[in-house]
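Reader: I'd like to go through this one label by label. Could you show me how each name is earned?

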Amino acid sequence: MRLTTKGRYAVTAMLDLALHADRGPISLADISKRQGISLSYLEQLFSRLRQSGLVSSVRGPGGGYRLARGGADIFVAQIVDAVNESVDATSCGGNSDCAGGEQCLTHYLWCDLSEQIHNFLSGISLTDLVERSEVQEVARRQDMREAAPEQKVAVIGGLQ
C-alpha cells in the first residue's frame, strides 16, 4: 500500500495552512521552512490545489495562500485527489495484470481495501486534524523553531 510523497506533502501543506489561517495569507516560503518541503515542489502542489478549488491565492505584498473554504469542508481525500494521487493497495496499480499479465487471486480484496482507505480519508477534515492536541503540539514546536532566529535578532538589536 502506498501514499506517495506528493499526497503526503499536499496534506501536510494544507494542514499547515489551516493551522495558520488566522494570520492571513500564508506564503509558500513559510510553509517550506516549517515543513521542510522544497518551495518549487510546493508551487507545483499548490497549482493543483488551486485548480481544484481548495486554496485561493492573494497577490502582492503580504500575499500568499489561504483555504478556499472552511477547514471543516476540506477533507483529506479531496487533497489527495487534487494532486492526482490515489491510495492503491494493489500491486498492479489497479490494472489487473499482477499475475503474469492477468488478475491475481486477491485483486478485489486489495481494491476493496483501497476503497476503504479512501472512504476513511473522506471522513477526516482539516478541522478534525487541527483540533487534535498532538497536531497542535507539533505546530507549536515548529512555530517556536521558526521564531527562534527572529527572537535572537530582537534581543541582539535591543542591546545595540
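Author: Gladly! Let's begin with Leu 113, which is found in helix H5, residues 107-122. Please keep in mind that this is a predicted model.

Reader: Why is Leu 113 called partly exposed?

Author: Its relative accessibility is 30%. Buried would need a value under 20% and exposed one over 50%, so Leu 113 counts as partly exposed. Leu 113 also joins Leu 109 and Trp 110 in a nonpolar surface patch of about 250 Å².

Reader: How do you know that Cys 111 is in no disulfide?

Author: The test is a sulfur-sulfur separation within 2.5 Å. The structure holds 0 disulfides. For Cys 111, the nearest cysteine sulfur belongs to Cys 92 and is 6.6 Å away, so the pair does not meet the 2.5 Å cut-off. As for exposure, Cys 111 has 25% relative accessibility and therefore counts as partly exposed.

Reader: What makes Asp 143 and Arg 23 a salt bridge?

Author: A side-chain nitrogen of Lys or Arg has to come within 4 Å of a carboxyl oxygen of Asp or Glu. Here the closest N and O atoms are 3.3 Å apart, so the pair qualifies. Asp 143 lies in helix H7 (residues 133-159) and Arg 23 in the loop between helix H1 (5-19) and H2, so the contact ties together parts that are 120 residues apart in sequence.

Reader: How many salt bridges does that rule give?

Author: The count comes to 5 salt bridges. Among them is the one where the side chains of Arg 132 and Glu 134 meet, at 3.4 Å from N to O. Arg 132 is partly exposed at 44% relative accessibility, and Glu 134 is partly exposed at 46%.

Reader: What makes Glu 137 and Arg 140 a salt bridge?

Author: Their closest N and O atoms are 3.1 Å apart, and the limit is 4 Å, so the name fits. Both residues lie in helix H7, 3 residues apart, which is about one turn of the helix. Glu 137 is partly exposed, with a relative accessible area of 44%, and Arg 140 is partly exposed with a value of 44%.

Reader: Why is the pairing of Tyr 9 and Tyr 41 called edge-to-face?

Author: Two values decide it. The rings are 5.7 Å apart, centre to centre, and a pair needs centres within 6.5 Å. The angle between the planes is 85°, and over 60 degrees counts as edge-to-face, so the label follows. This pair links distant parts of the chain, with Tyr 9 in helix H1 and Tyr 41 in helix H3, 32 residues apart. Tyr 9 is partly exposed at 30% relative accessibility, and Tyr 41 is partly exposed with a relative accessible area of 24%. By this rule the structure has 2 aromatic pairs.

Reader: How do you know that strand E1 and strand E2 pair?

Author: At least two bridges are needed. E1 (residues 55-58) and E2 (residues 64-67) share 4 bridges in the antiparallel sense, so they pass. For instance, the bridge partner of Val 55 is Leu 67 in E2. The hairpin has 5 residues between the strands, and Gly 60 takes a positive phi near 90° there.

Reader: What makes the phi of Asn 84 worth a remark?

Author: Most residues other than glycine have a negative phi. Asn 84 has a positive phi of about 60° although it is not a glycine. The place of Asn 84 is in the loop between helix H4 (76-82) and H5.

Reader: And why is Asn 84 called exposed?

Author: Its relative accessible area is 56%, and exposed means over 50%, so Asn 84 earns the word.

Reader: Which residues of H2 are buried?

Author: They are Leu 28, Ile 31, Ser 32 and Arg 34; the word means that each has under 20% relative accessible area. H2 is followed by Gly 36, whose phi is positive, near 65°.

Reader: Is Ser 38 buried, exposed or partly exposed?

Author: Ser 38 has a relative accessible area of 39%, so it is partly exposed. Ser 38 sits in the loop between helix H2 (28-35) and helix H3 (39-51).

Note on methods:
Residues numbered from 1 in each chain as written. Predicted model: local features only at pLDDT ≥ 70, side-chain atom pairs only at ≥ 80, totals over all residues. Heavy atoms only, no water. Buried < 20%, exposed > 50% of the residue type's maximum accessible area, 1.4 Å probe, protein only. Helix = DSSP H or I, 4+ residues; strand = E, 2+ residues; numbered from the N terminus. Patch = residues over 30% accessible without salt bridge, like charges linked within 9 Å, V, L, I, M, F, W, Y side chains within 5 Å. Areas by Shrake-Rupley, 256 points an atom, 1.4 Å probe, with all protein chains shown as cover. Phe/Tyr/Trp six-rings, centres within 6.5 Å; stacked < 30°, edge-to-face > 60°.
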